[in-house]
Amino acid sequence: MRVSRMALGLTLGILWGCALGIIGILHVLVPPYGEQFFEFMASVYPGITGSGSLLDILLGVLYGLVDGFLGGWLIAWLYNGLAQRLAKQ
């Protein structure tokens, strides 16, 4: 059984992008919430300052979409390759 690289990439990209967006919105509404998470994201993703500004939230969502998509695509690619090799044995 093959896994669609595009479908898994889009799924993980949307989920990770939404997660970063929701945490960002909650941080704006309840400032202590997610503060350390934002500081960590600022150290991982260039351009995010960790302040919880609208720009930080938008960049986080964008980075989440791209990062999640690439991660999902690579996971599906690796799974398909390993499943194909193991099926031959």
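Modeller: A nonpolar core is a set of buried nonpolar residues joined through side-chain atoms within 4.5 Å. Please keep this definition in mind, and note that the model before us is predicted.

Colleague: Which residues form the largest nonpolar core here?

Modeller: In general, nonpolar side chains tend to be buried together in soluble globular proteins. In this structure the largest nonpolar core has 6 residues, namely Leu20, Phe38, Met41, Tyr45, Ile48 and Ile57.

Colleague: Let us take Ile57. Is Ile57 buried or exposed?

Modeller: A residue is called buried when its relative accessible area is under 20%. Ile57, located in helix α3, has 10% relative accessibility and therefore counts as buried.

Colleague: Which residues does Ile57 touch?

Modeller: If residues up to four places away in sequence are not counted, Ile57 touches Gly21, Gly24, Ile25, Val28, Phe38 and Gly52. Consider Gly24 in particular: Ile57 and Gly24 are 33 residues apart in sequence, while their C-alpha atoms are 5.3 Å apart in space.

Colleague: I should now like to read the aromatic rings. How many aromatic pairs does the structure hold?

Modeller: A pair of aromatic rings is described by the distance of the centres and the angle of the planes. This structure holds 2 aromatic pairs. In one of them, the rings of Trp16 and Phe37 have centres 6.4 Å apart and planes at 80°, so the pair is edge-to-face. Planes over 60 degrees apart receive that description.

Colleague: Where do Trp16 and Phe37 lie?

Modeller: Trp16 lies in helix α1 and Phe37 in helix α2, which covers residues 35-44, so the pair ties together parts that are 21 residues apart in sequence. Trp16 is partly exposed, with a relative accessible area of 29%. Phe37 is also partly exposed, at 27%.

Colleague: What are the distance and angle for the pair of Tyr45 and Tyr63?

Modeller: Tyr45 and Tyr63 are 4.8 Å apart from centre to centre, with 10° between the planes, and the pair is stacked. This pair links distant parts of the chain, 18 residues apart: Tyr45 is in the loop between α2 and α3, and Tyr63 is in helix α3. Tyr45 counts as buried at 8% relative accessibility, whereas Tyr63 counts as partly exposed at 25%. Tyr45 also belongs to the core described earlier.

Colleague: Let us turn to the surface. Which residues make the nonpolar surface patch?

Modeller: For a patch, one considers residues with over 30% relative accessible area. Here Met6, Leu10, Ile14, Leu62, Leu65, Val66 and Leu70 make a nonpolar patch of about 630 Å². The elements that give two or more residues to the patch are α1 (5-29) and α3 (54-88). Helix α3 provides the largest share, 4 residues. As an example, Ile14 is found in helix α1 and counts as partly exposed at 46% relative accessibility.

Colleague: Finally, how should Asn80 be read? Is Asn80 buried or exposed?

Modeller: Burial is judged from relative accessible area, with under 20% as the cut-off. Asn80, in helix α3, has a value of 6% and is therefore buried. Leaving aside neighbours within four places in sequence, Asn80 is in contact with Met1, Arg2, Val3 and Arg5.

Colleague: What separates the C-alpha atoms of Trp77 and Arg2?

Modeller: Trp77 and Arg2 are 75 residues apart along the chain, and their C-alpha atoms are separated by 9.2 Å. Trp77 lies in helix α3 and counts as partly exposed at 46% relative accessibility.

Key. Residues are numbered from 1 along each chain as its sequence is written. This is a predicted model: local features need pLDDT of at least 70, side-chain atom pairs count only at pLDDT 80 or more; totals for chains, interfaces and linings use all residues. Side-chain values use heavy atoms; hydrogens and water are left out. Patches are made of residues with over 30% relative accessible area and no salt bridge: like charges are joined within 9 Å, nonpolar side chains (Val, Leu, Ile, Met, Phe, Trp, Tyr) within 5 Å. Accessible areas come from the Shrake-Rupley method with a 1.4 Å probe; for residues, only the protein chains shown count as cover. A salt bridge is a side-chain nitrogen of Lys or Arg within 4 Å of a carboxyl oxygen of Asp or Glu. Buried means under 20% relative accessible area, exposed over 50%, partly exposed in between (1.4 Å probe, protein chains only). Contact means heavy atoms within 4.5 Å. Rings of Phe, Tyr and Trp (its six-membered ring) pair if their centres lie within 6.5 Å; planes under 30 degrees apart count as stacked, over 60 as edge-to-face and the rest as tilted.
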